[in-house]
Amino acid sequence: MEYKRVKDEFKETDSIEDDIENLHEKKSLLGGDSSSREHSKWKIKSIVTVLLTLLTSSQAILIVWSKRAGKYEYSVTTANFSVEALKCTLSLLALTRIWRNEGVTEDNKLATSLNEIIVYPIPAALYLVKNLLQYYIFAYVSAPSYQILKNLNIISTGVLYHIMLKRKLSEIQWAAFILLCAGCTTAQLDSSSDRVLQTPFQGWMMAIVMALLSGFAGVYTEAIMKKRPSRNINVQNFWLYVFGMVFNAVAILVQDFDAVMNKGFFYGYTLITTCMILNHALSGIAVSVVMKYADNIVKVYSTSVAMLLTAVVSVFLFHFHLSLAFILGSTVVSVAVYLHSIGKIQRK
């Protein structure tokens, strides 16, 4: 079965990565330029953290901002297709530059075996459903609430790692999951109405489904990318995005075929819509870079600061009410995300 093969290869990859890390440590001890290497690594990590924070915080804001009178005047399926097409184009451009500078090698060529390509449709299909839900959930939640609830995918990812890949979770990580649930719930408390929570039941269900889809797709994608560490990330991204385009094209045919044929592919698009598509594309590439090269602390800082930035901007753009419950809930979520990261380090 395809999943078992990926699972076994992922386990082998863990030991390979440990050997690579040990080799890097030995080289650092022998070489005299370890400090400059560390400085360069810190610089790259800082840049990735800042970019990911800005992209993450503006993602929900741009989706809500792209609405007109509470609805999307453009086709969300064509927007998703445009995101995948843009990511695929950026990956090809990056590969073209590499081919020009380094030549075509075994690790950066697009031509590959069917066994390598066949694993990409699964995460591509999962991301399709998750990305479509991302638009419709804003009928029930605000941009800041979305940023809070999105952290539920940390729980789904951790539990799926434990179930699918038999990775042990530390006691701190399990405690962080409970704290994360408490933080998400606290942030949604609504004292100004008869309802206990701001987010209705439909919003919670969509958030949970998105978290499960995101968790499964994230675990599977990381397994694919890390099973061959030397493989160029742009090649891996290219094949993932190609299947993303195929599935989104099917979604257009099923959901918006008549509208696209009558009004055109880009009907209803505005400057905000274009910025949103660009944001989604760059966010997807940034996350894949973090998955392959950076550590979990990058996601921690990005997630925590993004929640704060989204809330502050939403106060001015959408008149969001920054309640005490929301501030306390976001603080608890940030602490939970940090504890989860620390628990991961201690587990190693």
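**Notebook: patch, cores and salt bridges**

Two helices, α10 (233-255) and α11 (257-263), each bring at least two residues to the nonpolar patch. That is where I opened my notes, and I should say at once that this is a predicted model.

**Entry 1: the patch**

I listed the members of the patch next. The residues are V246, V250, L253, V254, F257 and M261, and together they show about 610 Å² of accessible area on the surface. Which helix gives the most to the patch? It is α10, with 4 residues.

I then picked one member for a closer look. V246 sits in helix α10. Its relative accessible area is 44%, so I noted V246 as partly exposed. A patch residue needs over 30% relative accessible area, and V246 has 44%.

**Entry 2: the whole chain**

I stepped back to see what the chain is built from. How many helices and strands does the protein chain have? I found 14 helices and 0 strands. Read along the sequence, the pattern is α-α-α-α-α-α-α-α-α-α-α-α-α-α.

Next came the burial figures. The protein chain has 348 residues, and 47% of them are buried. For the accessible surface of the chain I wrote down about 17800 Å², with 66% of that belonging to carbon and sulfur atoms.

I also asked how contacts spread along the sequence. Among contacts with a separation of 6 or more, 85% join residues 24 or more positions apart.

**Entry 3: the record against the model**

I turned to the UniProt record, an unreviewed entry. It places the feature "transmembrane region" at residues 44-65, 172-189, 201-225, 237-254, 266-291, 298-318 and 324-342. I checked two of these ranges in the model.

- Residues 201-225 come out as 100% helix and 0% strand, and the C-alpha atoms at the ends are 36 Å apart.
- Residues 237-254 also come out as 100% helix and 0% strand, with the end C-alpha atoms 26 Å apart.

**Entry 4: the nonpolar cores**

Which members of the largest nonpolar core touch the most other members? In this core of 48 residues, they are Y74, Y135, I137, F138, L152 and M276. Helix α9 (residues 201-226) supplies the largest share of this core, 7 residues. Another core lies apart from it, with 15 residues that include L110, Y220, V235 and W239.

I followed M276 a little further. Setting aside neighbours within four places in sequence, I found M276 in contact with L62, I63, S66, Y74, A79 and Y135. Two of those partners, Y74 and Y135, are also on my list of core residues that touch the most other members.

**Entry 5: salt bridges**

I searched the whole structure for salt bridges and got 3. I went through each pair in turn.

The side chains of K87 and E84 meet at 3.2 Å, N to O. Both residues are in helix α3 (residues 76-102), and because they are 3 residues apart, about one helical turn separates them. Are these two buried or exposed? K87 has 9% relative accessibility and counts as buried. E84, at 7%, is buried as well.

The next pair is E106 and K109, whose side chains form a salt bridge at 3.4 Å, N to O. Here E106 is exposed, with 51% relative accessibility. K109 is partly exposed, at 26%.

The last pair in my notes is R231 and E116, at 2.9 Å, N to O. This salt bridge links distant parts of the chain: R231 is in the loop between α9 and α10, E116 is in helix α4 (residues 114-117), and the two are 115 residues apart. R231 is buried at 1% relative accessibility. E116 is buried too, at 12%.

**Entry 6: a loop residue**

Where is I118 found? It is in the loop between α4 and α5 (121-136). I noted I118 as partly exposed, since its relative accessibility is 39%. I then looked at the spacing between I118 and F243. They are 125 residues apart in sequence, while their C-alpha atoms are 9.9 Å apart in space.

How values were computed. Residues are numbered from 1 along each chain as its sequence is written. This is a predicted model: local features need pLDDT of at least 70, side-chain atom pairs count only at pLDDT 80 or more; totals for chains, interfaces and linings use all residues. Side-chain values use heavy atoms; hydrogens and water are left out. UniProt positions are given in the numbering used here, feature names are shortened, and annotations may be inferred rather than shown by experiment. Patches are made of residues with over 30% relative accessible area and no salt bridge: like charges are joined within 9 Å, nonpolar side chains (Val, Leu, Ile, Met, Phe, Trp, Tyr) within 5 Å. Accessible areas come from the Shrake-Rupley method with a 1.4 Å probe; for residues, only the protein chains shown count as cover. A salt bridge is a side-chain nitrogen of Lys or Arg within 4 Å of a carboxyl oxygen of Asp or Glu. Buried means under 20% relative accessible area, exposed over 50%, partly exposed in between (1.4 Å probe, protein chains only). A nonpolar core is a set of buried Ala, Val, Leu, Ile, Met, Phe, Trp, Tyr and Cys residues joined through side-chain atoms within 4.5 Å. Contact means heavy atoms within 4.5 Å.
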